[in-house]
Amino acid sequence: MDASINPFENALKQLENAQKTEPIDEDIYQLLRHPQRIIELSIPVKMDSGELKFFTGYRVQYNDAPGPTKGGIRYHPHVTLDEVMALAAWMTWKCSVAGLPYGGAKGGVICNPKEMSEGEIERLSRGYARALANCIGPEVDIPAPDVYTNPQIMAWMSDEYNKAVGKELPATFTGKPIENGGSEGRGISTGVGGTFIVREVAKKLGLKAEETSVAVQGYGNAGSIVAQKLDEMGYKIVAVSDSKGGIYSEHGFDPHKILSCKSEVGTVGECGHIGVLAEGGDFQKITNEELLELDVDILIPAALENQITVENADKIKAKAVVELANGPTTPAADEILFEKGIIVVPDILANAGGVSVSYYEWYQNMNDAHWTEEEVFEKLDTLLTKAFADVSEKSDNNKTDMRTAAFILAVHKVAEKVKERGY
Ligand code: NAD
């Protein structure tokens, strides 16, 4: 990630592009450039060594005009307030594009979970939930997992929150384990949602699954699931990577075997040799930068922000970029990709599967219901297929890129809510 690029400035630039194309009322536009509420926390954690350490955490509630705010919590050493503000803004537009009754929020803690014990992570997570307990709730703000947080962390937070408020309110957190009120399918929903989007973009490009090659950057929750599910649908996964590097083979890989190899050896970059090639043949080790520039049909960034920038945008050869990560393409790179005729399905649409199934989880908790995985993904398919069609139509009609089209649709809906409420 290019740390010199401020993700919140990117988010504001994207909003500005939408405003230039199809403006909303100037005062509401200015209001939407500002996060509504920023919370900074100092979380005391007793480390295993006995030392007391203080971790800085954030929660940004960007705009609650459409409903309670919603967004994940990220644990990463490079978390910054600007990043959390950007992610919270994107959540606002994402919920709007998907038609969910939510505003946007995001949380983050500056920490390196890879260097912490399970007990330290639990104490940190409980400390974060305790410190935020007055500011979240099923009808206020509903957190969920993001990078390096998971259902277990949501279960600890939910338990701590319930203790703090003296009530059982499972709908306060989504992405919980099933036995703690989680939804079927939530754990894989961002990746599964990504497959519906890939299917729709392949259709738009006139490509059949069997003739479509795909490269995936990032092999975590989003990346590994989209790779495995696309493989099951007949797409050819020719390249994958994680933070330590990647592998490429024109013959394609078996993404399921890559996942079990990664859990054995620690990185997909070392997995070419353990029989993961789909049809034999050769493979080569590649860097993350090289993966982005491969001659593939569909490129899926599924790691962190600012991966496609002015430095490499003119070297991208994919026909379409499906952004499962949040903010992987900078606004300047967007312009270059648009000029090259590359379709970019923006994050606020492409990775909306996660928050949509979070909404289903919240809805089931609020109504004491339990849907099957089949029901969940049927609903998700309908929701994302419609959202894709709306954005695609807007982009064709306005002759603009899909991000600007998605922003226009989202921002106009939020602006309407702001106006109705008279903020
Ligand atoms: P994760 O922690 O499960 O996985 C992250 C992956 O990215 C890991 O494989 C890691 O090795 C890799 N990575 C980290 N730095 C990298 C780098 N510099 N280059 C290449 N790979 C790198 O996280 P996740 O939940 O899969 O999230 C990935 C992206 O998807 C994030 O941008 C996140 O905001 C977005 N997203 C996730 C969800 C979700 O439900 N999980 C929903 C919406 C958006």
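This is a guided tour of a predicted model, with a suggestion at each stop of what to select next and a note on what is there.

**The two domains**

Begin by selecting residues 34–181 and giving them one colour, since the domain assignment of the protein lists this stretch as domain 1, and then give another colour to residues 189–345, which the assignment lists as domain 2. With both coloured, you can place the centres of domain 1 and domain 2, taken over C-alpha atoms, 28 Å apart.

**Where the domains meet**

Turn the model until the boundary between the two colours faces you, where 10 residues of domain 1 are in contact with 5 residues of domain 2. The area buried between domain 1 and domain 2 comes to about 540 Å², and carbon and sulfur atoms give 46% of that area. Now show Arg74, Trp90 and Lys94 as sticks, for these residues supply 46% of the area that domain 1 buries against domain 2, which is more than any other three residues supply.

Keep Arg74 in view and add Glu305, with which Arg74 forms a salt bridge whose closest N and O atoms are 2.8 Å apart. Between domain 1 and domain 2 the count is 1 salt bridge, and 2 residue pairs are found in polar contact across the interface of the two domains.

Next, select β3 (69–76) and α3 (81–97), each of which supplies at least two residues of the side of domain 1 that touches domain 2. Of the elements on that side, α3 gives the most, with 4 residues. Colouring by residue class shows 3 nonpolar, 1 polar and 6 charged residues on the side of domain 1 that touches domain 2.

**The disulfide**

Move on to Cys261 and Cys271, which form a disulfide with their sulfur atoms 2.1 Å apart; the model has a count of 1 disulfide. The torsion about the S-S bond of Cys261 and Cys271 is about -95 degrees, and the disulfide is therefore left-handed. Cys261 sits in helix α8 (residues 255–265) and Cys271 in the loop between α8 and β9 (284–286), so the pair ties together parts that are 10 residues apart in sequence.

**A salt bridge between distant parts of the sequence**

For the last stop, select Lys394 and Glu22, whose side chains meet in a salt bridge (2.9 Å, N to O); the count of salt bridges in the model is 28. Lys394 belongs to helix α13 (residues 373–398), while Glu22 lies in the loop between α1 (7–21) and α2 (26–32), so this pair ties together parts that are 372 residues apart in sequence.

Technical notes
Residues are numbered from 1 along each chain as its sequence is written. This is a predicted model: local features need pLDDT of at least 70, side-chain atom pairs count only at pLDDT 80 or more; totals for chains, interfaces and linings use all residues. Side-chain values use heavy atoms; hydrogens and water are left out. Domain bounds come from an automatic or database domain assignment. Contact means heavy atoms within 4.5 Å. Buried area is the accessible area (1.4 Å probe) that two parts lose on being put together, summed over both. A salt bridge is a side-chain nitrogen of Lys or Arg within 4 Å of a carboxyl oxygen of Asp or Glu. A polar contact is a pair of N or O atoms within 3.5 Å; within protein, one must be able to donate a hydrogen and the other to accept it, and residues adjacent in sequence count only if both atoms are side-chain atoms. Ala, Val, Leu, Ile, Met, Phe, Trp, Tyr, Cys and Pro count as nonpolar, Asp, Glu, Lys and Arg as charged, and the others, Gly among them, as polar. A disulfide is a pair of cysteine sulfur atoms within 2.5 Å.
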